[in-house]
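Please keep the structure open in a viewer while reading, and make each selection as it is named. The tour moves from helix packing to sheets and then to single buried residues.

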Amino acid sequence: MSNFESPFRQVHLDFHTSPDIKNIAQDFDPEEFATILEKAHVNSITCFARCHHGMIYYDSKLFPERIHPHLKNKNLLKEQIEACHRHNIRVPIYITVQWDQFTAEEHPEWLAIDDDGKPFGNTIFEPGFYRILCVNSPYRDFLKKITKEVLETFPVDGLFFDIVKPTPCACKHCRKEMEKLNMDPSSFQERMRYGFIMVNEFKKDMTNFVRQFNKECSIFYNKGHIGPAERPIKHSYSHFELESLPSGGWGYLHFPVTMRYVRTLGLDCVGMTGRFHTFWGDFHSFKNKAALEFECFQMLALNAKCSIGDQLDPKGKLSEPVYDLIGSVYSQVKEKEPWCRGAKPVTEIGVLTPEEFEKEKDMYIAPSLMGITRMLQESSHQFDIIDSQSEFSKYKVIVLPDFIPVSDELSDKLGRYLDNGGALIASFQSGLNESKEYFNLKQLGIELIGEAPYSPDFIVPRDEIGKGMPKTEHVMYMKGLEVRPLDKTEILADTAIPYFNRTWKHFCSHKHTPSSGVLAYPSILKKDKVIYFIHPIFAQYEKNAPRWCKQLFLNALDMLLPEPLISHNGPSTLLVTLNEQVKENRMILHLLHYIPERRSQDIDIIEDVIPLYNLKVSLRLPKSVKSISCVPQNENLKFDVVNNRIEFTVPSVNGHQMVELQFK
């Protein structure tokens with residue numbers, strides 16, 4: 001396992017520069033470059049050896065034809081590194097992998113192709129460098145040559161290999177290797193499966209190759225998302241970088257979902273956003289400061305270091321206003337670092353990720369996973385996202401959201417977890433065997449009848465599960481399952497059915513038929529410390545956020561976890577995390593209050609910081625507390641111990657507030 005620790009304040013400096021632009025780097029001044037970075041509190045910057053256009057930005061002896069034709073200073077990368085090192089700024093080196101316009105034009109035989117023989121990505125007459133190169137072709141040998149040249153030419157702090165993702169390639173090289181493995185190249189599913197095998201083999205091969213020349217440099221392979229697919233190959237990485245520009249297609253939920261999983265894999269993590277208003281290459285745009293603060297401070301709260309994406313102007317001069325913006329945020333990150341260094345999350349709920357079971361989908365986050373993440377964050381519960389290989393015993397409750405198939409092996413593991421005192425919540429198809437024929441988890445205490453005969457139908461909660469809710473029907477828009485309770489299984493909520501399903505033959509009003517008042521089958525069931533929902537409540541919450549879906553789930557969670565780690569009197573827009581610094585004998589509570597708003601058609605916006613005042617917080621902690629203070633202000637807070645819980649009031653939360661809880 002890698003012991004590499006990333007710096008906290010990084011910039012990823014894109015330089016994808018067209019060969020049709022002249023006077024490249026003519027205004028580059030190495031000392032000015034490094035001074036601007038230092039002033040902005042940047043302590044690591046990724047700089048380019050080779051970009052998506054296929055252009056090289058150093059004096060390559062092996063590939064002089066690839067040096068940018070208008071590069072005024074062929075020592076650009078060399079001088080960037082030397083200047084930054086003089087200012088104690090680390091410089092990982094960027095090398096593109098599967099996107100390279102120059103190579104795609106010169107060597108079309110190296111392109112990944114689909115079953116029609118067409119390259120993946122944009123067509124020849126569309127703008128873009130998105131045709132994918134196959135690293136199973138002789139292209140890999142070329143890539144090693146350029147990587148070796150970089151390693152032998154520069155003092156390499158790290159390597160950032162970009163665009164390294166599985167592709168269902170049907171080129172002759174992939175077909176040949178698939179047949180050796182008795183795989184069917186004519187099957188898309190088989191090609192996709194081989195794509196994962198092949199790209200992992202490439203990462204292992206390339207890491208071993210790099211280590212022949214440099215034993216210490218960091219190594220990362222980027223595809224824009226990290227998930228369960230990276231677990232088997234994580235030893236080829238020194239660390240993980242989570243590319244996640246909220247305004248660039250990822251959205252504000254991608255990073256917390258991904259980070260809550262990736263941090264369980266044992267490698268140091270970096271979150272990556274951008275200073276752009278939208279996406280990479282959005283020149284002369286600026287992210288709102290409040291948005292950049294939230295994105296960086298959330299990284300700290302979720303145990304990641306920070307990286308902000310920028311793109312260097314073709315003339316080689318950094319934008320001082322951009323680095324004023326970055327510096328205004330990184331100056332705060334620098335102040336907060338002592339309470340973030342080496343911190344580990346304190347959690348009590350584990351959510352199994354459906355991504356593990358989506359074998360044909362890469363870079364896909366299921367709506368059910370996003371829905372449960374929203375619910376748990378809005379209620380300030382402390383949780384990780386895990387997979388079937390994770391250690392279950394550290395969690396008081398495990399949740400299987402909507403679509404978690406249960407193999408015999410997983411059934412045995414969950415059974416042992418429950419036998420040892422754990423608790424479980426499952427919904428919809430979670431718990432079914434892999435072919436969805438029957439429930440493969442006897443502890444659910446239910447038997448499958450089939451699909452629910454009506455949709456929408458209506459949950460009618462009984463007393464405990466319906467706490468805080470009107471005692472009436474609550475519509476469930478997505479179709480559920482019909483199940484039969486077995487011995488000793490308690491019904492917590494019933495299902496009322498409509499007069500009829502809405503069809504062309506019979507329908508009522510605009511949307512759906514109302515309840516007939518007839519209770520037909522159970523909707524929420526409980527056996528011992530296991531609760532099951534027949535509906536896909538988490539996917540439903542992601543779709544249109546019915547408050548009753550969240551309330552029913554939180555009531556179920558309260559039945560199994562009556563004393564959560566954290567409670568407070570703040571709004572559901574408050575993001576709360578708890579981390580532990582073992583060496584410092586303390587815990588750090590992060591309180592963030594920034595509200596993304598859909599102010600535009602395309603993206604969510606954060607512009608305003610709305611302070612909170614006199615926030616009352618209650619924590620259940622394993623040790624006695626000596627002192628509590630707001631940091632980095634070092635403002636001491638009074639606290640009380642009530643029923644084995646620590647209670648205190650935070651005077652104000654102005655965007656982000658950390659609270660140090662020092663143990664005796």
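Begin by selecting helix α10 (residues 367–378) together with helix α13 (residues 547–560) in this predicted model: the two pack at an angle of about 65°, with their axes 11 Å apart, and they are therefore roughly perpendicular to each other, an angle of 65 to 115 degrees being what counts as such. Their crossing is right-handed. To display the contact itself, show the side chains of I372, M375, L376 and E378 on α10, and those of C549, K550, F553, L554 and L557 on α13. Coloured by residue class, this contact of α10 with α13 divides into 7 nonpolar residues, 2 charged ones and no polar ones.

Stay on α13 for a moment and select Q551, which lies in this helix. Is Q551 buried or exposed? Its relative accessibility is 16%, so Q551 counts as buried, the cut-off for that class being under 20%. If residues up to four places away in sequence are set aside, Q551 touches K467 and M469.

Next, select helix α4 (residues 139–153) and helix α6 (residues 188–211), a second packed pair whose axes are 11 Å apart and meet at an angle of about 30°. That angle makes α4 roughly parallel to α6, since angles under 35 degrees fall in that class. The crossing by which α4 passes α6 is right-handed. On the α4 side the residues to show are R140, L143, K144, T147, K148 and L151, which meet M198, E201, F202, D205, M206, F209 and V210 of α6. The contact of α4 with α6 holds 7 nonpolar residues, 1 polar residue and 5 charged ones.

While α6 is still highlighted, pick out N200, which lies in this helix. With a relative accessibility of 16%, N200 counts as buried, and, not counting residues up to four places away in sequence, N200 touches A229 and I233.

Now turn to the sheets. Select the 8 strands that form an open sheet with parallel pairing, and follow them across in the order β5-β4-β3-β2-β1-β8-β7-β6. Which strands stand at the edges? They are β5 and β6, each of which has a single partner strand, so one side of each is left without a neighbour in the sheet. Averaged over the sheet and with direction ignored, neighbouring strands are turned by 25° against each other.

Zoom in on the β5 edge, where strand β4 (residues 158–162) pairs with β5 in the parallel sense over 5 bridges. Two of the bridge partners can be labelled here: F160 is matched by F220 of β5, and D162 by N222 of β5. Although β5 is an edge strand, 5 of the 5 residues of β5 (residues 218–222) are buried, so the strand is largely enclosed by the rest of the structure. In a regular strand the side chains alternate between the two faces of the sheet. For β5, both faces are covered, with S218, F220 and N222 buried on one side and I219 and Y221 buried on the other.

Move across to the β6 edge, where 4 bridges join β6 to strand β7 (residues 269–274) in a parallel arrangement. Label E241, which stands opposite V270 in β7. Both faces of β6 (residues 240–243) are covered as well, F240 and L242 being buried on one side and E241 and E243 on the other.

Select helix α2 (residues 76–86), in which L76, L77, Q80, I81, A83 and C84 are buried. These buried residues of α2 pack against α1 (30–39), β2 (44–50) and β3 (93–96). N88 follows α2 and has a positive phi, near 60°.

Finish at another open sheet, one of 4 strands in the order β21-β24-β28-β27 with antiparallel pairing. Its edges are β21 (566–568) and β27 (639–642), each with a single partner strand, so one side of each lacks a neighbour in the sheet. The average turn between neighbouring strands of this sheet, direction ignored, is 30°. For a last close view, select β21 and strand β24 (residues 612–619), which run antiparallel and are joined by 3 bridges, with S618 of β24 as the bridge partner of S567.

Terms used
Residues numbered from 1 in each chain as written. Predicted model: local features only at pLDDT ≥ 70, side-chain atom pairs only at ≥ 80, totals over all residues. Heavy atoms only, no water. Buried < 20%, exposed > 50% of the residue type's maximum accessible area, 1.4 Å probe, protein only. Pairing = 2+ DSSP bridges. Axes fitted to C-alpha atoms, helices over the stretch in contact; angles between N-to-C directions. Parallel < 35°, antiparallel > 145°, perpendicular 65-115°, else oblique. Left-handed = near helix turned anticlockwise from the far one by under 90°. Contact = heavy atoms within 4.5 Å. Nonpolar A, V, L, I, M, F, W, Y, C, P; charged D, E, K, R; others polar.
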